Amino acid sequence: MAVNPRSCSVVVLGAGLAGLAAAQRLRQLGFYISVYEKQPHIGGHAHSYEKQGFTFDQGPHVSFTKRQEIKDLFSMAVNGRFFEQDAEVLNDWYGYMVRHPAQCNLYGLPVGVVENCVVDMIKARYEDDRQVNTYADWCCKSLGQTFSEEFTFRYTRKYWTAEAHQMSADWIGSRVYLPNIEDVIKGSLQSHTANHHYITHFRYPEQGGFGSYVQAVMGGNVHLNSEMVLLDLKQRRLEFADGRDVHFDALISSLPLPELVRRIKDVPREVAEAVERLVCTSLVLVNVGVERDMDFPNAHWMYFYDEEIIFARGNFPHRLSLNNVPLNCGSIQVEIYHSKYRQLPVQDVLNRAIEDLYKSKLLFKSDKVILAEKQNIPYANILFDLERAPNLAVVQEYLRRNNVISCGRYGEWDYYWSDDSILSRSAF
């Protein structure tokens, strides 16, 4: 950013990890920074909240970064008071429990399923010469037809809300483990194998949930309850819902690209159309607090493949920190995703989720449920459908020409973890 810090007023939109980290870095360089946040709190999706003694995050947030600078930042934020744990992750395949990733932990599933998965995986490695154009291609070529149909395709519909053939393969990286055949065979013959998940161990704050880490990038002039309703790029002016006008010399946004572009005055038609073709899943979180501290699965989080079960994933906040629950209690959080590709299957999501918690034996009829509520999260995961890349390029080029810098998961419209969001400020 080739400007004089002493004479430049910089506005940051959004007080999540990306926006706050950008503000922190530029403040250190001597810029005057103002951060504007629509919500009454900082943190964005890293925010945690407490109710009736139960602390919940917005999904199963843990810090598994290998970047020492982020480890140090988070440690300082909580004064070194965090738990470090080995990740325990399970897959629930129609009531059968296997470790994660399932592709190299097939032991315990029905013999016919195991046999077909292993045989198909071997055939795929040595006989499948298809070109990989979609996520479905990658799955079948890497994991075989049977495993793809029984696991990845089912989970893709529930978590990503799309069919695998509607998605590109350029998001995968290390997020889906590609086992060697020895891993597959060994994991089909015995239950205890090496941990091949990309999260082997993690850190989590002792108190206050994952949101306690936000203090790592906190500081400066943050205006809460400030919803931007108009961005005039020619006049370098912002208008807020309460009537305030704010002028800026430089603008950084961590807002979701559709929310940003819809508020730009006189935005070109091709840009407006391109941003509307960007797809993001929405999320309903169901949080449950129960008066029971035992007989939970031996897992920090779980994946569910039965498409009759409404939730795709569940986690147990009390296993991350006992300070997340009152004494002698436990907690469960499950995730139900929807998008333009897949609508919510029922209107009464809360009661359906509770029913499925009983069906999945995560809740018992004898339980005293202290808390049961839902949260609606309009922006969850960036969907890497086949139209993402060309439409994103149109939007990014327009913002670049107008000297608007975007950062973070929703500003860059990418598959970012928390440390990626913090370090996206490095572009400045």
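1. In this predicted model, Trp171 touches Tyr135, Trp160, Val176, Phe384 and Tyr415, once residues up to four places away in sequence are set aside. Trp171 is also named, together with Tyr135, Phe202, Leu231, Leu238 and Trp413, among the residues with the most contacts inside the largest nonpolar core, which has 111 residues. To this core helix 1 (residues 17-28) gives the most, with 7 residues. Apart from it lies another core, of 22 residues, and Ile309, Ile332, Ile354 and Leu363 are among its members. As general background, nonpolar side chains in soluble globular proteins tend to be buried together.

2. The empty space inside the model deserves a separate look, and here the structure holds 5 cavities of 30 Å³ or more. In the largest cavity there is about 390 Å³ of space, and 24 residues line this cavity, with His100, Tyr155, Arg175, Val176 and Tyr303 lying nearest its centre. Val176, one of these central lining residues, is also one of the residues that Trp171 touches, and a reader who follows the contacts of Trp171 will therefore meet the lining of the cavity as well.3. Which helix provides the largest share of the lining of the largest cavity? That share, 7 residues, comes from helix 5 (residues 145-160). Sorted by class, the lining of this cavity consists of 15 nonpolar, 7 polar and 2 charged residues.

4. His318 is found in helix 9 (residues 317-320), and His318 counts as buried because its relative accessibility is 8%, where the cut-off for buried is under 20%. The side chain of His318 reaches the backbone nitrogen of Ser331 at 3.0 Å. Ser331 also appears in the list of residues in contact with His318, which, leaving aside neighbours within four places in sequence, comprises Phe296, Asn324, Val325, Cys329, Gly330 and Ser331.

5. In helix 2 (residues 68-77), the buried residues are Ile70, Leu73, Phe74, Ser75 and Ala77. What covers these buried residues includes strand 5 (82-86), strand 8 (201-205) and helix 13 (418-423). Helix 2 is followed by Asn79, a residue whose phi is positive, near 55°.

Key: Residues numbered from 1 in each chain as written. Predicted model: local features only at pLDDT ≥ 70, side-chain atom pairs only at ≥ 80, totals over all residues. Heavy atoms only, no water. 1 Å grid on protein atoms, 1.4 Å probe; cavity = no way out; pocket = protein on both sides within 12 Å on 5 of 7 lines; lining within 4 Å. Points joined across faces, edges and corners; volume = space filled by probe spheres on them. Helix = DSSP H or I, 4+ residues; strand = E, 2+ residues; numbered from the N terminus. Nonpolar A, V, L, I, M, F, W, Y, C, P; charged D, E, K, R; others polar. Buried < 20%, exposed > 50% of the residue type's maximum accessible area, 1.4 Å probe, protein only. Polar contact = N/O pair within 3.5 Å; in protein donor to acceptor, adjacent residues only side chain to side chain. Contact = heavy atoms within 4.5 Å. Core = buried A, V, L, I, M, F, W, Y, C linked by side-chain atoms within 4.5 Å.
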